[in-house]
Amino acid sequence: MAKHVGVKLPEDLIAVLKEGKTVSTLATFSEKGLPHTTPIQCLYPKGLESILISIHKEHTGYHNMVWQKKVMMCFMDINNVVYSVLGRAGVVRAPSAVHPLMNVVRIDIIDIKSDRSVLMRVDSGVRWSYTSWEAEQLSTSLMNELKELSQTL
């Protein structure tokens, strides 16, 4: 059962975003109206009303959000963190200071709803691991860029 939360990030969602190990599913639509989903693992809260993400500049999800602006992000993580976030996307750094193929986008929150079920709970969300030490180094650098931007934007 969905429950309206408002426009501010709930504390439990902020906690998993700051931990840096959660995955969000970003949903966008193409100019032809075709849906597209993208897993996003480099994301960080900017205050209570925005989320910063890093995304490859050639990714379909990036092109869709630049064209349409409205996006939906879904979060499911440990301790029954289950939220859908409707937002408006805007590019804040292109290219990223870390990697020339990555861009930084701010998602300003329009609405948040809690999608927790009365029948079950999420005990462990989608978690990931690095494929190489280079991937870990890049991801860590991208996350540090998002953390820095969350303080200076």
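Student: How many salt bridges does the structure hold?

Tutor: The structure holds six, a salt bridge being a side-chain nitrogen of Lys or Arg within 4 Å of a carboxyl oxygen of Asp or Glu. This is a predicted model, in which local features need pLDDT of at least 70 and side-chain atom pairs count only at pLDDT 80 or more, whereas totals for chains, interfaces and linings use all residues. Residues are numbered from 1 along each chain as its sequence is written, and side-chain values use heavy atoms, with hydrogens and water left out.

Student: Why is the pairing of Lys8 and Glu49 called a salt bridge?

Tutor: The N to O distance between the two side chains is 2.7 Å, which is within the 4 Å limit, and therefore the pair counts as a salt bridge. The pair links distant parts of the chain, since Lys8 belongs to the loop between strand 1 (3-6) and helix 1 while Glu49 belongs to the loop between strand 4 and strand 5, 41 residues apart; helices (H or I, at least four residues) and strands (E, at least two) are DSSP runs, numbered from the N terminus.

Student: What makes Asp123 count as exposed, and how does Arg121 count?

Tutor: Exposed means over 50% relative accessible area, buried means under 20%, and partly exposed lies in between (1.4 Å probe, protein chains only). Asp123 has 51% relative accessibility and so counts as exposed, whereas Arg121, at 48%, counts as partly exposed. These two residues form a salt bridge with each other, their closest N and O atoms being 2.9 Å apart.

Student: How do you know that Glu145 is buried, and what does its side chain reach?

Tutor: Glu145, which is placed in helix 3, has a relative accessible area of 5%, and because this is under 20%, Glu145 is buried. The side chain of Glu145 reaches the backbone nitrogen of Ala97 at 2.7 Å, a polar contact being a pair of N or O atoms within 3.5 Å (within protein, one must be able to donate a hydrogen and the other to accept it, and residues adjacent in sequence count only if both atoms are side-chain atoms). Leaving aside residues up to four places away in sequence, Glu145 touches Arg93, Ser96, Ala97, Val98 and Val104, where contact means heavy atoms within 4.5 Å.

Student: Is Ser84 buried or exposed, and which side chain does the side chain of Ser84 contact?

Tutor: Ser84, in strand 7, has 9% relative accessibility and therefore counts as buried. The side chain of Ser84 makes a polar contact with the side chain of Asp115 at 2.6 Å, and Asp115 is also among the residues that Ser84 touches, which include Met72, Met73 and Asp111.

Student: What makes the buried residues of helix 1 line one face of the helix?

Tutor: In helix 1 (residues 11-19), Leu13, Ile14, Val16 and Leu17 are buried. Seen down the helix axis, the buried residues fall within an arc of 165 degrees, so they line one face of helix 1; the arc is that of the directions from the helix axis to the C-beta atoms. Among the elements that cover these residues are strand 4 (43-46), strand 5 (50-56), strand 6 (70-77) and strand 7 (81-93).

Student: Why is Leu119 called exposed?

Tutor: Leu119, in the loop between strand 8 (102-114) and helix 3 (133-152), has a relative accessible area of 74%, and because this is over 50%, Leu119 is exposed.
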